[in-house]
Amino acid sequence: MMTTGPFSGLGLGLCLVSLESTLYYLAFLGSIAMEAPTLNSERRQFSIKLWPPSPNTRQTLVVRMTNNLATNSIFTQKYGCLSKEEAEENAKRIEDVAFATANQNYEKEPDGDGGSAVQLYAKECSKLLLEVLKRGPRSKADTTSEETFFDISKGQRAFIEAEEAEELLRPLKKKGNSYTKICFSNRSFGLGAARVAEPILVSLKDQLKEVDLSDFIAGRPETEALEVMNIFSAALEGSALKSLNLSNNALGEKGVRAFGALLHSQACLEELYLMNDGISEEAARVVSELIPSTDKLRVLQFHNNMTGDEGALAISEVVKRSPLLEDFRCSSTRIGSEGGVALSKALETCTHLKKLDLRDNMFGVEGGLALSKALSKHSDLSEVYLSYLNLEDEGSIAILKVLKETTPSLEVLEMAGNDITAEAAPVIAACIAAKQITKLNLAENELKDEGAIQISKALEGHSQLKEVDFSANLVRRAGARVLAQVVVQKPKFKLLNINGNFISDEGIDEIQDVFKKCPDMLGPLDENDPEGREDDEESGEGEGNEDELESKLKNLEVNQED
């Protein structure tokens, strides 16, 4: 039987070899299957209608194109295979566009058999398919930034009202958009703008996974700000967010309650940011009450609030309920010894912790001892920030001994401003020697030359070292010189800060000479005091004893055993 219609003259073999012919043939077969030939009893002729293709034919074509994009061929070998999901997404889009184009053509000649529409349909599919093949798979960055992440935070901080909100949020109203992450930070929403955003957020809440509402009511009167927060909270209530950022909004207890509907509806949160929110002890209690489920929480950041000891007790309850926590930040929150002990005990349940930041609180020795017990359970820690906790030697030594034994992956260690003296230097050195530290901050302690030289010795084998801060440590020429000579040899080293010490003018010249080929690696020395005399009489570390001290300590073996 001879083939007639738009494919006449094409052999079946050729039809299956060419991509375009394959599409022609598929469309033709689908059309035949769509509407069987009708037999005229008198004239005994076939009457075939080729357009529109059946839903089954269209779906078959989508499947065929998906396979072409996602499986090995001469095209994908050259340009790369798409993932199954990306291939299917593109195949559906191609078919929709091609069908719309061909159907528009068919409507111009409704009395025809649809042959020209079929040809156009196949050609459009072929053309668009080749474009996608040549473009290759999307990079992860492209997917995130162009298709799933909507961000209005760029540029200067600004107030927005209804009219501007309509324009700014227009892309979110596009039907079928793929946005899963939105950032409204750095834009202060008034009541009118919030009402524009409300229906948009309601329409998107089932697809949203990450929401950043940090700093989005700045400068608004309290009454208006609370109403705006209530609107956003109600609009997003019931969403299944993985990440929620409400930082920099001066929430206080009223603000936390304004977001109550949203917070209470979250059962899948993995990241929660409540930094610089003016959260008092009362607000902290509300946070603990409103978040019903934290069993999936991996990141909790609570920096720069006025929580205090009582608030720390409430936050401790949240921490206890977060066994998967990996990143915990509770810095600058006015927590004293009582709160520090409670928080430390709560951290014992978080055995997956990788990053811990408790800087700028008032834990004291008692809090430090409690923290050392908790840290014995954290073998995955890679970053530890414990500066300005008033730990003193006793608390610091307890923590360092535990870190030495239990944190093989430790890379960042910060313990500045803890009144640590040279007596703790051997323990610091032993801890460091057992790791591969990339950043070390021991600023504003009292480690002196003795501590500087012992710790320098421990750093000798650290090829990944990038930054050391040993500023304001009563260090003189000998300690500074040894430290400089050690770090300058590191292939990845970026910055040494030894400002605010007691280095003589000769010592400064020597250190600058050490860094003469890489001066950017040496921090400023404008606060150095070459005439510094603090504790000279007690320590015997005056200028005349520097070389002797260096000689005694330079060949010191760092003891890695207790």
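Visitor: Why is helix H19 (residues 448–458) called mostly covered?

Guide: Count the residues: nine of the eleven in H19 are buried. The buried ones are Lys448, Asp449, Gly451, Ala452, Ile453, Gln454, Ile455, Ser456 and Ala458. To earn that word, a residue needs a relative accessible area under 20%. Bear in mind that this is a predicted model.

Visitor: And what share of the protein chain counts as buried?

Guide: Of its 562 residues, 50% count as buried. The chain has 23 helices and 17 strands, and it exposes about 26200 Å², with carbon and sulfur atoms supplying 48% of that area. As for contacts with a separation of 6 or more, 83% of them join residues 24 or more positions apart.

Visitor: Let's go to helix packing. What makes H3 oblique to H5?

Guide: Helix H3 (residues 55–70) and helix H5 (residues 84–107) pack at an angle of about 135°. Roughly antiparallel needs over 145 degrees, and roughly perpendicular covers 65 to 115, so an angle between those two ranges counts as oblique. That is why H3 is called oblique to H5. Their axes are 8 Å apart, and the crossing is right-handed.

Visitor: Which residues make that contact?

Guide: From H3 you have Arg58, Leu61, Val62, Met65, Thr66, Asn67, Leu69 and Ala70. H5 brings a list that includes Ala87, Glu88, Ala91, Ile94, Glu95 and Phe99.

Visitor: How do you know whether Met65 is buried or exposed?

Guide: Met65, in helix H3, has a relative accessible area of 0%. The cut-off for buried is under 20%, so Met65 counts as buried. Across in H5, Glu88 is 23 residues away from Met65 in sequence, with 8.0 Å between the two C-alpha atoms.

Visitor: H5 also packs with H6 (residues 115–135). Why is that pair called roughly antiparallel?

Guide: The angle here is about 150°. Anything over 145 degrees counts as roughly antiparallel, so H5 and H6 get that label. Their axes are 8 Å apart, and H5 passes H6 in a right-handed crossing. Among the H5 residues in this contact are Asn90, Arg93, Val97, Ala98, Thr101 and Tyr106. They meet a set in H6 that includes Ser116, Leu120, Tyr121, Cys125, Leu128 and Val132.

Visitor: Now some loops. What makes Asn305 count as buried?

Guide: Its relative accessible area is 4%, and buried means under 20%, so Asn305 falls in that class. Asn305 is found in the loop between strand S10 (299–301) and helix H14 (308–320).

Visitor: What does the side chain of Asn305 reach?

Guide: It reaches the backbone oxygen of Leu274 at 2.9 Å. A polar atom of the Asn305 side chain also lies 3.1 Å from the backbone nitrogen of Gly278. Leaving aside neighbours within four places in sequence, residues in contact with Asn305 include Met275, Asn276, Asp277, Ser332, Thr333 and Arg334.

Visitor: Asn304 is found in that loop too. Why is Asn304 called partly exposed?

Guide: Its relative accessibility is 35%. Buried stops under 20% and exposed starts over 50%, so Asn304 counts as partly exposed. Asn304 also has a positive phi of about 55°, although it is not a glycine. Most residues other than glycine have a negative phi.

Visitor: Where is Leu474, and what is its phi?

Guide: Leu474 is placed in the loop between strand S16 (467–469) and helix H20 (477–487). Its phi is positive, about 60°, and it is not a glycine either. With a relative accessible area of 13%, set against the cut-off of under 20%, Leu474 is buried.

Visitor: One more. How do you know that Glu161 makes a polar contact with Arg220?

Guide: The two side chains are 2.9 Å apart at that contact. A polar contact needs N or O atoms within 3.5 Å, so the distance qualifies. Glu161 sits in the loop between strand S4 (158–160) and helix H8 (162–168). At 40% relative accessible area, Glu161 is partly exposed. Beyond its sequence neighbours within four places, Glu161 is in contact with Gly190, Ala193 and Arg220.

Technical notes
Residues are numbered from 1 along each chain as its sequence is written. This is a predicted model: local features need pLDDT of at least 70, side-chain atom pairs count only at pLDDT 80 or more; totals for chains, interfaces and linings use all residues. Side-chain values use heavy atoms; hydrogens and water are left out. Helices (H or I, at least four residues) and strands (E, at least two) are DSSP runs, numbered from the N terminus. Buried means under 20% relative accessible area, exposed over 50%, partly exposed in between (1.4 Å probe, protein chains only). A polar contact is a pair of N or O atoms within 3.5 Å; within protein, one must be able to donate a hydrogen and the other to accept it, and residues adjacent in sequence count only if both atoms are side-chain atoms. Contact means heavy atoms within 4.5 Å. Accessible areas come from the Shrake-Rupley method with a 1.4 Å probe; for residues, only the protein chains shown count as cover. Axes are lines fitted to C-alpha atoms, for helices over the stretch in contact, and angles run from 0 to 180 degrees between N-to-C directions. Angles under 35 degrees count as roughly parallel, over 145 as roughly antiparallel, 65 to 115 as roughly perpendicular and the rest as oblique. A crossing is left-handed if the near helix is turned anticlockwise from the far one by less than a right angle, and right-handed if clockwise.
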